[in-house]
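User: Hey, got a minute to go through this model with me? I'd like to start with the charged pairs and then move on to whatever comes up.
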Amino acid sequence: MTTTITLDAAQDLLHREAHLLDTWQFDAWLDLYLPDAEFWMPAWRDEVSTTQDPDRELSLIYYRGRRNLEDRVMRLTSGHSTASWPPARVLHLISNVRIARSEGQIADVCSAFVCHRHDTRMNRTDYVFGRYEHRLSFENGNIRIARKKIILLNDVIATSSDIYSV
Amino acid sequence: MALTDYIDDRPADGVFRVNPAIFTDQSVFDAEIKAIFEGGWVFLGLSSQAEQPHDYFTTQIGRFPVLVQRDGQGELGAFINACPHKGARLAQLRQGHAPLHVCPYHSWSFDSAGRNKAIKSKRAGCYSAAFDQDDHGLARLPHFGQYRDFLFGSLTADVPPLAEYLGGAVQLLDLVADQGEAGTELVPGQVTFTYAANWKLQLENCSDAYHFTSTHPSYIRVLERRQQTFSQDVVASVWENSDYWKDDATGIGGGSFSFANGHVLNWGVFGVTPASPLFEQAGPLAERHGEAKRDWMFNMRNLTIFPNLQIAENASSQLRIIRPLAPNLTEMRTWCLAPKGESAAARRQRIRQYEDFFNPTGMATPDDTVSYENCQMGYGGGMSRWLQGYARGMTASIAGGNRFGDLIGLGPERSVLADPQLCDETLYHSYYRAWANRIAQELQA
């Protein structure tokens, strides 16, 4: 049995993640992540480069450990965050998927994304776009996410943004 | 409308009310831009943003682009960031290093002291003598001043000296600047966001102790969960290690100080806790500055230097620059502020705490900014009835300071010492009295 992650399989996982976020299926979304997964959206250091070292430079979001994503989901679904309810309607479109590096059961996958957002509260529609860099790992017959880096290109945040809307 | 139609300030009657129109009217907004943002001292940035000779950074005062640069001798200067030739914006980057700025439009060039160095094809240009008599250098801001690491400028010549403008509030800047022996810096990575509401909502929210347990219960629950199920993956929070802010806490928990010209502080007792990235310096800070001042550095402190600088030291440490774009649109530029030279572990902790709480992609700020937008929607077209959010603490506010401020010699105009549920709102009065003084003439014009 092969453990190499194919382009088809990688693409399928990325599309699945997008769908789970779009439809607020956060428990299933969390299941995609390994317990020690890294989730990282760097800030921009200047006009041309993002921050590179999350321990010495600021990120928009940085977590090591799925536990932190569980905290975020808890807040989002708690009913105690005015920014999170009613939720924005979002739709992720993912394209240009390619495997940048593959070694054993690990694959580094690059993709491009647009996340459209409709905020019903303000009757306001906008979008963010950028690149994803996923590190996928084939574990016990499933592909799971070891690392997700979100390079947000339009980084002037319109009011707020959360893990499901980037 | 007269000023009294906007702000109903009658201390003798125990009344302070605000007309929602101050958040919605275009005429008020225009007056604010002219009289406050372009009519007096505003914060520009930190001196460490242009550390070395020929370093520069760019910013904005009201509608005008500003260039702050250090010349070859290391002297800082502030200029309108526009070429005198055709008015094109000159320096294009937020921050950089340039012994010479060459305008990308027609190649006029300027040194880092703002002097014109060359006009392309000058001799062939058949200029008149009158042109030669003009100064072709960059326009200097009428006023530019520095207090410690903090740089301020004014587009208007008729302003008090910076020291007089800041007054006693400089001691609150000292509490920031003195945390590191080598000064203060911005952690790399600027975060900018906008919200669809008036800039004064940000001004107020920073000073608003009343909203914390109402606006941020989802964040508080995350902290509780982190305490219950310890994991080394999560960052400690200074909120967990203090309880002055809780709805059932008792005793003196903090309060507010108001200074002339609209500078205010609200504060709470945090104590010297390992959850603070300053903890490793607790001993040395007490040695250098005394225990009282050291303890004040550890306290929760939200400072506004009117009109556009806020330094929030609560869950972590944030520097914010507020920029009004329209009556119902505001830009916030934000940074993690840190003492230079802190350890790698402390810096990491500061950054993690910051991201969770302060980022527009974090777990607290979105609930604030969405609330501002809810306010803006609630105001509708402006005046329907007076707002009632300026009344808490009315009978607790006293002239002068109190025993907590006295420990470090603070000399405010007014202060409130409070139990945790008081949540003073009279500190906003200081904002609006300064605001009213500044825009009175402009509104009548």
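User: What does B:Asp8 form a salt bridge with?
Analyst: With B:Arg10, where the closest N and O atoms are 2.8 Å apart. Keep in mind that this is a predicted model.

User: Sure. Is B:Asp8 buried or exposed?
Analyst: B:Asp8 is buried, at a relative accessible area of 9%. Its partner B:Arg10 counts as partly exposed, at 34%.

User: And B:Asp111, which residue does its side chain meet?
Analyst: B:Arg115, in a salt bridge of 2.8 Å from N to O. B:Asp111 is buried with a relative accessible area of 9%, while B:Arg115 is exposed at 52%.

User: OK, what about B:Arg347 and B:Glu342, how far is it from N to O there?
Analyst: 2.5 Å, again in a salt bridge between the side chains. Here B:Arg347 counts as buried at 9% relative accessibility, and B:Glu342 counts as buried too, at 13%.

User: How many salt bridges are there over all chains?
Analyst: The count comes to 45. Across the interface of chain A and chain B there are eight.

User: Let's go to that interface then. How many residues does the contact take from each chain?
Analyst: 42 from chain A and 45 from chain B. Between them the two chains bury about 3,700 Å², with 52% of that on carbon and sulfur atoms.

User: Which three residues supply the most of what chain A buries?
Analyst: A:Leu58, A:Arg67 and A:Arg75, which supply 19% of the area that chain A buries against chain B, more than any other three residues.

User: And polar contacts?
Analyst: There are 30 residue pairs in polar contact between chain A and chain B, counting pairs with both residues at pLDDT 80 or more. On the chain A side, the elements giving two or more residues are strand E2 (59-64), helix H3 (66-76) and strand E7 (156-158). H3(A) gives the most, with seven residues. By type, the chain A side divides into 15 nonpolar, 12 polar and 15 charged residues.

User: Which residues are linked in a network of salt bridges?
Analyst: From chain A, A:Arg66, A:Arg67, A:Glu70 and A:Asp71, and from chain B, B:Arg225, B:Arg226 and B:Asp356.

User: You mentioned E7(A). Which strand of chain B does E7(A) pair with, and in what sense?
Analyst: Strand E14 (residues 191-195) of chain B, in the parallel sense, over three bridges. One bridge has A:Ala158 partnered with B:Thr194.

User: Now pick out one of those salt bridges between the chains for me.
Analyst: Take B:Glu373, which forms one with A:Arg121, the closest N and O atoms being 3.2 Å apart. B:Glu373 sits in helix H12 (residues 365-379) of chain B.

User: How accessible is B:Glu373, buried or exposed?
Analyst: Buried, with a relative accessible area of 0%. Leaving out residues up to four places away in sequence, B:Glu373 touches A:Arg121, A:Met122, A:Arg124 and A:Thr159 from chain A, plus B:Tyr195, B:Ala196 and B:Ala197 from chain B. The backbone nitrogen of B:Ala196 is 2.8 Å from a polar atom of the B:Glu373 side chain.

User: Changing topic: where are the cis peptide bonds?
Analyst: One joins A:Trp85 and A:Pro86, with omega about 0 degrees. A:Pro86 is in the loop between H3 and strand E3 (89-103) of chain A. Another cis bond runs from B:Phe306 to B:Pro307, with omega near 5 degrees, and B:Pro307 is in the loop between E17 and strand E18 (309-313) of chain B.

User: What's phi for B:His54?
Analyst: Near 75 degrees, a positive value in a residue other than glycine. B:His54 is in the loop between strand E3 (42-46) and strand E4 (55-61) of chain B, and counts as partly exposed at 22% relative accessibility. B:Ser121 has a positive phi as well, about 55 degrees, and lies in the loop between strand E10 (116-118) and helix H3 (129-133) of chain B.

User: Last one: which residues of helix H10 in chain B are buried?
Analyst: B:Lys293, B:Arg294, B:Trp296, B:Met297 and B:Phe298. The buried residues of H10(B) pack against several elements of chain B, including helix H5 (170-177), strand E16 (264-268) and helix H13 (403-406).

Key. Residues are numbered from 1 along each chain as its sequence is written. Chains are lettered from A and ligands numbered from 1 in the order in which they are written. This is a predicted model: local features need pLDDT of at least 70, side-chain atom pairs count only at pLDDT 80 or more; totals for chains, interfaces and linings use all residues. Side-chain values use heavy atoms; hydrogens and water are left out. Contact means heavy atoms within 4.5 Å. Buried area is the accessible area (1.4 Å probe) that two parts lose on being put together, summed over both. A salt bridge is a side-chain nitrogen of Lys or Arg within 4 Å of a carboxyl oxygen of Asp or Glu. A polar contact is a pair of N or O atoms within 3.5 Å; within protein, one must be able to donate a hydrogen and the other to accept it, and residues adjacent in sequence count only if both atoms are side-chain atoms. Helices (H or I, at least four residues) and strands (E, at least two) are DSSP runs, numbered from the N terminus. Ala, Val, Leu, Ile, Met, Phe, Trp, Tyr, Cys and Pro count as nonpolar, Asp, Glu, Lys and Arg as charged, and the others, Gly among them, as polar. Two strands pair if DSSP finds at least two bridges between them. Buried means under 20% relative accessible area, exposed over 50%, partly exposed in between (1.4 Å probe, protein chains only).
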